[in-house]
Amino acid sequence: MTKFAAKLIRSIPLTADTYQLDFAWVGEAVPYEAGHFFLLEVEDGGPRVTRAYSICSAPAEKEFFSLCLKFLPGGRASEYLKNMEMGRDVHFQGPFGHFKLTDSKKDIVMVATGTGIAPFMGMIPTLIARGFKKNISLYFGVRFEEDLFYLAQFKTWEKQNSKFKSFVAISRPGEKWKGLSGRVTEHLEGLELKASQVYICGNGDMVKTVKEMMETKGVEKPDLHFELFTAI
């Protein structure tokens, strides 16, 4: 396990309570793979605790790494990061995790809700940079239109690689919403995915539902990858 320091250099609001935080390496960069996570050491004067955050930048980015997180009122890590001054050194451990890309040549389907999109923000550009030839489909679900983020980046990737497609669903859409409506899981039901690799990341209920759906559809166990996000 590697312990290292990084410096907060940017805080980018994505929604009212979701932010991307960019950290510059202090010293040598720590190698990681798309889908890995770091443990943040919360140093707020209380008992030291750690919190896990998926890395939402691609390993090809050498100058800094990024985390995507939702600030929760009263959450120790949330309050620690939300009130942090630019330029402060933060301590991490890692990288960790088994939620990573494999060498399979099958089509890839990615399913995310909320900040569960984070690991895919590193995986997708990594696949595009590798010249991945099969289809990559991203299904991203949130409750309300104001909860959406990274849509412009999805469009950029679609222009870079015709094999990549994004599908965005809102479970409680407003009258002006013209995209997919309902839970993101509803838009997977009619798909033939037996010969695909499936990556799932988000809240526990969604992950459980999609995992069971994929098993019913005949997705092979080695092709089913999932990671749970919990509120901390």
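These are my notebook entries on the sheets, helices and a few single residues of a predicted model.

**Ground rules**

The model is predicted, so I take local features only at pLDDT of at least 70 and side-chain atom pairs only at pLDDT 80 or more, while totals for chains, interfaces and linings use all residues. Residues are numbered from 1 along each chain as its sequence is written, and side-chain values use heavy atoms, with hydrogens and water left out. Helices (H or I, at least four residues) and strands (E, at least two) are DSSP runs numbered from the N terminus. I call two strands paired if DSSP finds at least two bridges between them.

**Entry 1: the antiparallel sheet**

I began with an open sheet of six strands, paired antiparallel, in the order E4-E3-E6-E1-E2-E5. Strand E4 (49-54) and strand E5 (64-70) are at the edges with a single partner strand each, so one side of each has no neighbour in the sheet. On average, neighbouring strands here are turned by 40° against each other, direction ignored. For angles and axes, lines are fitted to C-alpha atoms (for helices over the stretch in contact), and angles run from 0 to 180 degrees between N-to-C directions.

I then looked at one pairing in this sheet: strand E3 (residues 37-42) and strand E6 (residues 89-96) run antiparallel and are joined by three bridges. Leucine 39 has glutamine 93 of E6 as its bridge partner. E6 also holds proline 95, and the peptide bond leading to proline 95 from glycine 94 is cis, with omega near 10°.

**Entry 2: alanine 5**

Alanine 5 sits in strand E1 (residues 3-13). Is alanine 5 buried or exposed? Alanine 5 counts as buried at 17% relative accessibility; the cut-offs are under 20% relative accessible area for buried, over 50% for exposed and partly exposed in between, with a 1.4 Å probe and protein chains only. Skipping neighbours within four places in sequence, I find alanine 5 in contact (heavy atoms within 4.5 Å) with Trp25, Val26, Val90 and His91. I also checked its distance to arginine 172: 41 Å in space, C-alpha to C-alpha, and 167 residues in sequence.

**Entry 3: the parallel sheet**

Another open sheet of six strands has parallel pairing and the order E10-E9-E8-E7-E11-E12. Its edges are strand E10 (180-181) and E12, each with a single partner strand, so one side of each lacks a neighbour in the sheet. Strand E9 (residues 164-170) runs parallel to E10, with two bridges joining them; isoleucine 170 has serine 181 of E10 as bridge partner.

I spent longer on strand E11 (residues 196-202), where seven of the seven residues are buried, so the strand is largely enclosed by the rest of the structure. In a regular strand, side chains alternate between the two faces of the sheet. In E11, Ser196, Val198, Ile200 and Gly202 point one way, Gln197, Tyr199 and Cys201 the other, and all are buried.

What are the pairings of E11? Strand E7 (residues 107-113) pairs with E11 in the parallel sense over six bridges, with valine 109 opposite valine 198. Strand E12 (residues 224-228) is joined to E11 by five bridges, also running parallel, and cysteine 201 has glutamate 227 as its partner there.

**Entry 4: helices**

Helix H4 (residues 204-217) packs on the parallel sheet, touching E7, E11 and E12, and makes about 165° with the direction of E11. H3 lies across E8 and E9, at about 155° to E9.

Next I checked helix H2 (residues 118-130) against helix H3 (residues 151-160): they pack at about 15° with axes 11 Å apart. They are therefore roughly parallel, a label for angles under 35 degrees (over 145 is roughly antiparallel, 65 to 115 roughly perpendicular, the rest oblique). H2 brings Met121, Ile124, Pro125 and Ile128 to the contact, and H3 brings Gln153, Phe154, Trp157 and Gln160.

Of the 13 residues of H2, 10 are buried, so H2 is largely enclosed by the rest of the structure. Phe120, Gly122 and Leu127 are among them.

**Entry 5: positive phi**

Glycine 131, right after H2, has a positive phi near 75°. Tyrosine 150 is a residue other than glycine with positive phi, near 70°. I place tyrosine 150 in the loop between strand E8 (136-142) and H3, and it is buried at a relative accessible area of 13%.
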